[in-house]
Amino acid sequence: MRAIIVTRPGEAHGFAVEHLPDPEPAAGQVRIRMVGAAVNPADLHVIDGWGREVAGVAPERRLGVGLDVAGVVDMAAPDVHDLSVGTPVAALTFPHAPHSAAGTAAEYVIVPAADAAPVPDGLGLLDAATVPLNSLTADQLLARLGPARDRRLLVTGAAGGVGGYAVGLAALAGWAVTALARPSDTDFLTRAGAVETINSLEGVAGFDAVLDGARLNDAALRTVRDHGTYAGVFPGLEPKSERGITIASGVVVPDGHRLRDMLALTAQGRLEARRAGTVPLENAGQAYQALRDGGQRGRWVLTP
C-alpha cells in the first residue's frame, strides 16, 4: 500500500509517500480501505517531531501521519461480527498505536473494531473523515465541565476544528455559549448554536466555564468566575489555577460508540462538517502548507 511516512523528523517537508506491505487485521480489528483522511495540526506535530516526543515514540521508529479516517471495511478479523466487509465507517486512531501499520494517510488503515463507527446515510465519506478527532475531542472536554443546567460557556477559537464542534455540542447540551472568533465566522457560529459571537476578550468575565480552543491560557482563565472551570486542549500547557478555578484537560481517546452519535448528528445537519479542500496523498504537502499558513475553515482531506 501507499502511505505517508515521516522520513526526516523535525523537518517541515520531511515526509514522503512510500510503498509498504498491505496490513492485515489481528483479533478484534478491521482493515479500512481509506477514502478520506483529514489533515489536522497533530499531523504537523508528528512531522515536526514534537508529537513524537509527546507520545514517547523512539527516535528510530518510522511513523505514519494522520488520525482521522473514513472508508470501507474490506477485511475483518474472524471475531468481529458487527462490522461486515463493505460497511462504510469512520474512525479515530493514532500513528504510534501498536496496531498501526502507518497513520490514516494510507491506502489501508487497521483499527480496533470498537473504535470504528458506521457512517450513516446522508453523510459522504469525505465529509465523515473530518468528524472523528475534532468532535470526540470537543465532546470529551465538555464532559469534564459537568452538566450544563443553563450555565454560561465561553469557547475560544470557536470557528476552529475543536471549537466549532464544542460550540455545537455545548449548545445541544443546554449551555449558553459565547463564541470568540472573527466577525466573518458569525453566521457559522450562529448556526452552530452560539447565543453571541465576540471578537475580543476585553471586558469579558463571569463565565461558568471556558473551553480554550485557541490556547489563550491566562487571558481565557480571567474570563471565568471564581470556582469555575477551565478546559484546555493540550495537557500540560494549561495555565495555573487561581481563584479556585478547576483546570481540566485530557488526551482524546478513540470511542466508536460515541463517534456513532457524532456522525449521526452530522448527517442530520445538527453538527456541520466543513471541508477546506481535497487532495491526493501525493499532493499532501499542499494541505500541510495550507494548515501551516492558517486562516482556513474546515479540514483538508487526503484521498488515495
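Aspartate 185 is in contact with Ala159 and Arg297, once its neighbours within four places in sequence are left aside. In this predicted model, aspartate 185 sits in the loop that runs between β9 (176–180) and α6 (186–192). Its relative accessible area is 7%, and because buried means under 20%, aspartate 185 is classed as buried.

**Fold and dimensions**

- The secondary structure of the chain, to which β9 and α6 belong, amounts to nine helices and 15 strands.
- The chain has a radius of gyration of 19 Å, close to the 19 Å that the globule rule gives for 304 residues, and it is therefore as compact as a globular protein of that length.
- Measures along the principal axes put the span of the C-alpha trace of the chain at about 55 × 40 × 35 Å.

**Burial and contacts**

- Of the 304 residues in the chain, 53% are buried, and aspartate 185 is one of the buried residues.
- When contacts in the chain are taken between residues at least 6 apart in sequence, 64% of them join residues at least 24 apart.

**Surface and charge**

- The chain exposes about 12,600 Å², and 50% of this area is supplied by carbon and sulfur atoms.
- The chain carries 26 positive and 33 negative charges, and the mean positions of these two sets lie 3 Å apart.

Terms used
Residues numbered from 1 in each chain as written. Predicted model: local features only at pLDDT ≥ 70, side-chain atom pairs only at ≥ 80, totals over all residues. Heavy atoms only, no water. Helix = DSSP H or I, 4+ residues; strand = E, 2+ residues; numbered from the N terminus. Rg over C-alpha atoms; globule rule 2.2 N^0.38 Å. Buried < 20%, exposed > 50% of the residue type's maximum accessible area, 1.4 Å probe, protein only. Contact = heavy atoms within 4.5 Å. Areas by Shrake-Rupley, 256 points an atom, 1.4 Å probe, with all protein chains shown as cover. Lys, Arg positive; Asp, Glu negative; His and termini not counted. Charge placed at Lys NZ, Arg CZ, Asp CG, Glu CD.
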